[in-house]
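Colleague: Could you take a close look at one part of this model for me? I'd like to hear how the strands are put together and what packs on them.

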Amino acid sequence: MRTTVGWQADRPGTALRRVSFERRDLRADDVAVRVDYCGVCHTDLHAIHALPETGDARLVPGHEFTGVVTAIGPDVTRFRVGDAVAVGNIVDSCGLCAMCRAGQENFCTEFPTLTYGGTDRHDGSTTLGAYSREYILRDRFAYPLPSDLDPAAAAPLLCAGITVWEPLRALGVGPDTRVAVAGLGGLGHLAVKLAVALGADTTVISRSPDKADDARRLGAHDLILSSDQRQMTAARNRFDVLIDTIAVPHELGPLLGLVALDGTLSQLGHLGPVTLQTMDLLIGRKKLSSAGSGGRPATAAMLEFCAQHNVTADIELMPSARVNDALDRLGQGDVRYRFVLDLSDLS
Ligand SMILES: NC(=O)c1ccc[n+]([C@@H]2O[C@H](COP(=O)([O-])OP(=O)(O)OC[C@H]3O[C@@H](n4cnc5c(N)ncnc54)[C@H](OP(=O)(O)O)[C@@H]3O)[C@@H](O)[C@H]2O)c1
Ligand SMILES: [Zn+2]
Ligand SMILES: [Zn+2]
């Protein structure tokens, strides 16, 4: 076994603490990655809040990271020691089911192995994430990091980026599409950048009037204030695709009202059960969809597109020792637009 250092959550409401823990010895198709930068995703907060109040639960979050390969198993041919790589929130899948064969490992019928809180397919252990200095994974789920992408600002592409990229592509977003993005946070700001780079007419829907300047700087053409009924009414039936990244439970009806005839609301936040008036779908033959993470081909394509179009996240980089500060501020909506931890302070 190999020892690494990381930040562990034990129960909701308590600070993450620095711990040493074991990583497995490399299997034949494994790579070891020195984690340099890891984004702080709102899902990390949801996962910490969902920890049991008692017991020995153990969570090391972190599922969007970049780093450098430090060792490879004997069967690995795609990487060499020293290669820059990027890893997202899936580190294994069955490889055989129809979803895996279609390149949608994110929907593997045996369930993909998540980067943290997942179950290893070989030894049954619970995976521990990349708020840590070293990560070991099956080489298929590491991606070469294009050299023109800044490794810190690229880390959030691997969860926030791919999660919005797949629905944008699946819904055919391009120059003739009117796109709206609800919630200008980690996912939302990358959805805006990617939709703009795909040529779409792009609008932000936000509860925060002070984000209007940012929305324009990110390339959006307009910002609708969700609390302003007049603006919401004026935008009825306007958008072919609405990407909803709001991180808290909310009514879908007002957003469906903004979707155009035969358009789609792609709801991406982890909200739990939602209620819906079917009439909000019926009028305008509207569609409700969702998405999560991405398959290997789409992830590689997204990284290539980002390198070509110079798309990375707007980040606030901080030493990993400030992880609790980052999580607190994320919970308060005080982030523009992604915290990224620099793990070099764990060496
Ligand atoms: N489907 C997937 O695979 C997947 C992957 C990653 C994340 N997620 C989920 O997607 C959601 C967004 O993640 P993120 O990392 O982008 O979060 P984030 O950076 O916190 O952004 C969420 C945005 O939601 C809006 N919001 C937050 N609190 C709100 C409130 N109380 N009322 C109304 N709006 C509020 C804010 O936008 P405005 O200030 O502009 O209104 C905020 O910037 C989370 O639920 C996360 O767990 C899902
Ligand atoms: Zn995430
Ligand atoms: Zn599968």
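Modeller: Two residues count as in contact if their C-beta atoms, placed from the backbone, lie within 7 Å. Keep that in mind for the helix, and remember that this is a predicted model.

Let's start with helix H5, residues 186–197, which lies across three strands: S10 (178–182), S11 (201–206) and S13. Its direction is at about 170 degrees to S10.

Those three strands belong to an open sheet of six, with parallel pairing. Reading across, the order is S12, S11, S10, S13, S14, S15. At the edges you'll find S12 (222–225) and S15 (287–289); each has a single partner strand, so one side of each has no neighbour in the sheet. From one strand to the next, the twist averages 20 degrees.

Now zoom in on one pairing in there. S13 covers residues 239–244 and S14 covers 259–267, and the two run parallel, joined by five bridges. If you want a spot to click on, try Val-241, which sits opposite Thr-264 of S14.

For some antiparallel pairing, go to strand S4, residues 65–72. Strand S3 (residues 30–39) is joined to S4 by seven bridges, and the two run antiparallel. Val-33 faces Val-69 of S4 there. S4 also pairs with S5 (residues 84–87), again in the antiparallel sense, this time over four bridges. Gly-67 has Val-85 in S5 as its bridge partner. So S4 has pairings with both S3 and S5.

Conventions:
Residues numbered from 1 in each chain as written. Chains lettered and ligands numbered in written order. Predicted model: local features only at pLDDT ≥ 70, side-chain atom pairs only at ≥ 80, totals over all residues. Pairing = 2+ DSSP bridges. Axes fitted to C-alpha atoms, helices over the stretch in contact; angles between N-to-C directions.
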